[in-house]
Amino acid sequence: MGVSLIVGTKKGAAIFVSDAARDAWTQRFCLKGWSVTASARDSDGRFYAAIASDVYGATIMASDDLHQWRQLDGAPRYKPGDKGNLEHNRIAGAADFSGRYKDGGRFVDQIWTLHVANGSLYAGVSEAGIFVSHDRGQTWEGVEGFNEHPSRASWVPGFGGLGAHTILSDSRNSDRMWVGVSAAGFFRTDDGGKTWHPKNEGVPADTGQCVHNVAHDPGNADVLYRQEHRGVYRSDNGGDTWRVMEDGLPVCELSDGHRCSFGFPIVLDRSSASAFVVPLDGDNFRMPHASQLAVYRTANGISWTPKTNGLPQNCYASVLRGAMAADQRVPGGVYFGTSSGSLYATRDLGESWREIASGLPRILSVEAYAT
Amino acid sequence: MTVRVYMPPVLRAVTGGKRELEAEGATLHDILVDLANKHPPLALHLFDEQGQVRRHILCIHASSAVRPCDFGLRRIESGDEITITNALAGG
């Protein structure tokens, strides 16, 4: 059994397929011309890729073999008349030819995450919202309990817009799910999506509740690792409370003077219960500390150790929130792509890294699938 | 009025690889509506969920670039050729 990677870039998707040892990789490129912002695979083996264009909008392609892709009949879309967030529309949508911004309406301009749970396919989008399909993407409906959340009017976008970028589920409790929104925070439902409750206690929110990414094991779902704009946190109670977990991580000064460990992605290897982050030198610079590209791993859920063997010095690239994934094999493989188009892999939980591709466009998303 | 519409390469993944499609209408806006009706996967790429033509689509017609705000005003004659293109930036 090998691994297939869908590496979403600003200009298409690079598909990597490994041999059983995860040593030799083949590469091809597809969906040329589209930003590939997320991917997923359902329980029947169908792959989905979220695509977006600044001109032609966002939708989802499907493939059964990673070769032939077709656009799904349906797509997540808001209803005509849904009221939008003016700040988001100005950040996420460029002015038209006359210099006018969109106002008033709510638009799906990007699909940030795809998530399979409870036999359904979920999409987290910006302007922030979640949609669900019960028929493999042919039709979609908004999760209204979230999309019309009572606090929505107070949600503020981050500089990447107001995006629902993280969806998690509990494999032992189909009524429980989580959603992360920049910069509105982290939410949980315990009633199958009817109601959603903010879960940010212990995480400072001076500049909006800017959760960047959250990871967990769906089979041990209440232990959550969270990369926030303002540091790294852990919860042992499903997000009810959080505590700082930065022992061993490099910290830096943020633009508002707060000191913490800044970064975007966080992923979990389930078999070893190891989490991985890529610390960057703050929100001003967003590049590796001291120009050493470094991944940090926690194996005990308490402290972090750097894993740099095989990663470059003199590196000024960043790793975006969706651009790291674990393949959930044993021993765990972890993969991440950089804003400068390099793709790195480890098959020993970070003890050694190898660049398996370079020269790709800016990497937006990475997902790994045992195949 | 029946016209030929040349599709941008990025949308050919939606049109089954076809470089050109036929459409009918009296104005450029009508042409895009007809395309969306005949080829439903194109609809979301041409119109946003509020029913507006996506704002950075350009059409080239009669040797001039026409902007979305003028699509409803631009009259189409049978046999005209239209190219759908878009605002472009480098890099």
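**Figure 1. Chain A meets chain B without any salt bridges.** Across the interface of chain A and chain B, the rule finds zero salt bridges. Keep in mind as you look around that this is a predicted model. What the rule does find across this interface is 12 residue pairs in polar contact, with both partners at pLDDT 80 or more. If you sort the side of chain A that touches chain B by class, you get 13 nonpolar, seven polar and 10 charged residues.

**Figure 2. Here is who touches whom, and how much area gets buried.** On one side, 30 residues of chain A are in contact with 23 residues of chain B. Together the two chains bury about 2300 Å² between them, and carbon and sulfur atoms give 55% of that. Which three residues should you pick out on chain A? Go for Y56(A), R77(A) and F97(A): they supply 36% of the area that chain A buries against chain B, more than any other three residues. As for strands, look for β6 of chain A (residues 57-63), which brings three residues, the largest share of the side that touches chain B.

**Figure 3. A cavity is lined by residues from both chains**. How many cavities of 30 Å³ or more does a search of the whole structure find? Just one. The largest cavity has a volume of about 30 Å³. Chain A lends A58(A), P76(A), R77(A) and V108(A) to its lining, while chain B lends E49(B) and R54(B). By class, that lining splits into three nonpolar and three charged residues, with no polar ones. You've met R77(A) before, as one of the trio that supplies 36% of the area chain A buries against chain B.

**Figure 4. Now for the second largest pocket.** This pocket has a volume of about 430 Å³. It is lined by 21 residues, and the closest to its centre are D96(A), Q52(B), V53(B), R55(B) and P68(B). So what mix of classes does the lining have? It's an even split: seven nonpolar, seven polar and seven charged.

**Figure 5. R152(A) and E127(A) form a salt bridge**. The structure holds 25 salt bridges over all chains, and this view picks out one of them. The closest N and O atoms of R152(A) and E127(A) are 3.0 Å apart. Why does this pair tie together separate parts of the chain? R152(A) sits in the loop between α2 (144-147) and β12 (163-170) of chain A, and E127(A) sits in the loop between β9 (120-126) and β10 (129-133), so the pair links parts that are 25 residues apart in sequence.

**Figure 6. Two cis peptide bonds turn up in loops of chain A**. One joins S182(A) and A183(A), with omega at about 5 degrees. You'll find A183(A) in the loop between β13 (173-182) and β14 (185-189). Another cis bond runs from V330(A) to P331(A), where omega is near -5 degrees. P331(A) belongs to the loop between β26 (324-326) and β27 (334-337).

**Figure 7. S291(A) has a positive phi**. Where does this residue lie? Look in the loop between α3 (282-285) and β24 (295-298) of chain A. Phi of S291(A) is near 60 degrees, a positive value in a residue other than glycine.

Notes. Residues are numbered from 1 along each chain as its sequence is written. Chains are lettered from A and ligands numbered from 1 in the order in which they are written. This is a predicted model: local features need pLDDT of at least 70, side-chain atom pairs count only at pLDDT 80 or more; totals for chains, interfaces and linings use all residues. Side-chain values use heavy atoms; hydrogens and water are left out. On a 1 Å grid over the protein atoms alone, a cavity is a set of points where a 1.4 Å probe fits but cannot get out, and a pocket is an open set with protein on both sides within 12 Å along at least five of seven lines; lining residues have an atom within 4 Å of a point. Grid points are joined across faces, edges and corners, and a volume is the space filled by probe spheres set on the points. Ala, Val, Leu, Ile, Met, Phe, Trp, Tyr, Cys and Pro count as nonpolar, Asp, Glu, Lys and Arg as charged, and the others, Gly among them, as polar. Contact means heavy atoms within 4.5 Å. Buried area is the accessible area (1.4 Å probe) that two parts lose on being put together, summed over both. A salt bridge is a side-chain nitrogen of Lys or Arg within 4 Å of a carboxyl oxygen of Asp or Glu. A polar contact is a pair of N or O atoms within 3.5 Å; within protein, one must be able to donate a hydrogen and the other to accept it, and residues adjacent in sequence count only if both atoms are side-chain atoms. Helices (H or I, at least four residues) and strands (E, at least two) are DSSP runs, numbered from the N terminus.
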